[in-house]
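Here is a short set of exercises to work through with the model open beside you. Try each task before you read its solution.

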Amino acid sequence: MYLFCQRGNLRDVWAYLWNQWYSPKMWPLWARSASPLISRLRTTMNVENFWRQLKHDFLHHLLRPRADQLTYILRYQVLPSYLHRADILEDGYRAGRSRPLTTYQKYFKKGWEALTLKPASGRAYNTDIRTWTCNCGAQKFNTHHLCKHLVQATAPLPMRFWREVVRRRTMPLYEHRDLKPRDDPECAETPLNVPPIRSITNGDDHDDEIPALPVSPSVRSPLGTVPLGRTNLPSESTQSSTASARAALTRMISAGSGAANILFGEENVRFLRKRADDLEAAARLIRDQLPYRNPIWLRSLAHRKVGEDVAHLVRDIRHVETTGRTRDTTWPRAGDAESQRRSRNTMGYQIRARPAAAGLGTRLVHSSP
């Protein structure tokens with residue numbers, strides 16, 4: 001980057017890059033080479049994946065939901081689903097049953113088996129199973145840092161290896177008691193029945209020194225089961241306080257059966273249902289009077305702009321449901337009356353299915369906070 005700026009005489013660009021990115025103070029904040037650990041993630045993939053799941057799985061029917069509705073969804077829908085996924089990854093989950101391979105382990109095994117079938121070129125490379133390195137140069141292009149020389153130089157692996165293999169964050173990237181050279185009799189005869197010491201720093205999310213924790217009960221929320229998580233082995237005082245906390249949470253969730261009614265407002269629903277009936281009746285009256293061309297009555301309605309707010313509502317809803325446009329910002333700009341009106345008319349509106357482009361129908365707004 002420095003040479004690029006030097007060749008292009010981009011002094012101001014390099015001054016910005018140095019102050020914000022390449023100076024010794026800023027470099028450790030973003031450069032991977034500044035950390036002794038090797039990242040297992042690519043850029044912000046986990047954060048982007050969370051936002052994708054939140055928007056597509058839980059908020060796909062909402063347009064700019066209010067903060068209180070979003071908090072409710074996070075508490076009673078998103079959090080229970082993630083707690084359930086976390087329980088599946090625990091060592092004590094369904095103890096005594098065969099555990100399936102994780103997604104990473106499935107793809108690792110598939111990639112490993114594919115490399116075992118590839119023919120070798122016959123060239124000699126410096127392959128070291130213990131450090132998991134090979135100078136063929138293919139490791140940096142493989143998702144799991146494998147190459148056919150390392151895979152084919154490894155002794156046959158038992159089934160337990162695929163359930164225990166993890167990607168470490170320090171060298172060597174893979175370290176396991178079953179990873180042994182195929183043509184090294186001394187290593188093959190070495191007793192390696194002691195399980196490796198695993199730690200979160202090295203890349204494993206489990207700690208062998210911590211026993212499997214008992215599974216705590218779960219409670220029922222208005223939108224599904226809410227696991228209360230796992231607890232350490234508590235003392236009697238801790239058990240008492242934990243039990244009281246759980247009882248309070250259970251009472252809160254049990255009382256939450258009416259939370260949806262409070263949140264969505266049954267009184268507002270009844271009011272809007274009656275208002276929708278009145279609007280339909282008013283539309284029929286206007287259509288019935290149009291053939292008579294009564295100037296006094298029609299002029300009165302036109303001058304008083306009867307139904308103008310309803311017309312704005314229809315146009316704003318059509319605007320947000322139209323594709324191929326720039327999406328509005330979440331919060332309207334100060335001083336922009338149209339943007340503020342559109343925000344009031346559409347915030348919390350649930351996007352409908354798009355069967356045909358015929359009118360908005362009789363139900364304009366799905367009431368939600």
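**Exercise 1.** Is Asp178 buried or exposed? Find its place in the chain as well.

*Solution.* Keep in mind throughout that this is a predicted model. Start with location: Asp178 sits in the loop between helix H8 (159-164) and helix H9 (185-189). Next, take its relative accessible area, which is 6%. Buried means under 20%, so Asp178 is buried. Finally, look across to Thr154: the two residues are 24 apart in sequence, and their C-alpha atoms are 9.1 Å apart in space.

**Exercise 2.** Stay in the loop between H8 and H9, and describe the peptide bond that leads into Pro172.

*Solution.* First, place the residue: Pro172 belongs to the loop between H8 and H9. Then read omega for the bond from Met171 to Pro172, which is near -5°. This peptide bond is cis.

**Exercise 3.** Examine the salt bridge between Glu175 and Arg168, and classify the exposure of each partner.

*Solution.* Begin with the idea behind the contact: side chains of opposite charge can pair when their charged atoms come close. For Glu175 and Arg168, the N to O distance is 3.2 Å, and the cut-off is within 4 Å. Now compare accessibility. Glu175 has a value of 47% and is partly exposed, whereas Arg168, with 9%, is buried.

**Exercise 4.** How many salt bridges does a search of the whole structure find? Follow one of them, from Glu338, into a network.

*Solution.* The search finds 8 salt bridges. In the one chosen here, Glu338 meets Arg342 with an N to O distance of 2.8 Å. Both residues lie in helix H15 (residues 337-346), and their spacing of 4 residues is about one turn of the helix. Glu338 is partly exposed at 43%, while Arg342 is buried at 13%. Widening the view, Asp316, Glu338, Arg341 and Arg342 are linked in a network of salt bridges.

**Exercise 5.** Which residues line the largest cavity, and what classes do they fall into?

*Solution.* The whole-structure search gives 1 cavity of 30 Å³ or more. The space in the largest cavity is about 40 Å³. Its lining consists of Arg64, Asp328, Thr329, Ser339, Arg342 and Ser343. Sorted by class, the lining has 3 polar and 3 charged residues and no nonpolar ones. Arg342 thus links two exercises: it lines this cavity and it pairs with Glu338.

**Exercise 6.** Which residues make the nonpolar surface patch of about 470 Å², and which helices supply them?

*Solution.* The patch is made by Tyr16, Trp21, Leu29 and Trp30. Helix H2 (11-22) and helix H3 (27-30) each supply at least two of its residues. Take Trp30 as a check: this residue is found in helix H3. Its relative accessibility is 37%, so Trp30 counts as partly exposed.

**Exercise 7.** Inspect phi for His145 and Arg293, then give the exposure of each.

*Solution.* His145 lies in the loop between strand S2 (133-134) and helix H7 (148-152). Its phi is near 60°, a positive value in a residue other than glycine. At 22% relative accessible area, His145 is partly exposed. Arg293 lies in the loop between helix H12 (266-289) and helix H13 (295-303). Arg293 is not a glycine, yet has a positive phi of about 50°. With 61% relative accessibility, Arg293 counts as exposed.

Note on methods:
Residues are numbered from 1 along each chain as its sequence is written. This is a predicted model: local features need pLDDT of at least 70, side-chain atom pairs count only at pLDDT 80 or more; totals for chains, interfaces and linings use all residues. Side-chain values use heavy atoms; hydrogens and water are left out. Patches are made of residues with over 30% relative accessible area and no salt bridge: like charges are joined within 9 Å, nonpolar side chains (Val, Leu, Ile, Met, Phe, Trp, Tyr) within 5 Å. Accessible areas come from the Shrake-Rupley method with a 1.4 Å probe; for residues, only the protein chains shown count as cover. A salt bridge is a side-chain nitrogen of Lys or Arg within 4 Å of a carboxyl oxygen of Asp or Glu. Buried means under 20% relative accessible area, exposed over 50%, partly exposed in between (1.4 Å probe, protein chains only). On a 1 Å grid over the protein atoms alone, a cavity is a set of points where a 1.4 Å probe fits but cannot get out, and a pocket is an open set with protein on both sides within 12 Å along at least five of seven lines; lining residues have an atom within 4 Å of a point. Grid points are joined across faces, edges and corners, and a volume is the space filled by probe spheres set on the points. Ala, Val, Leu, Ile, Met, Phe, Trp, Tyr, Cys and Pro count as nonpolar, Asp, Glu, Lys and Arg as charged, and the others, Gly among them, as polar.
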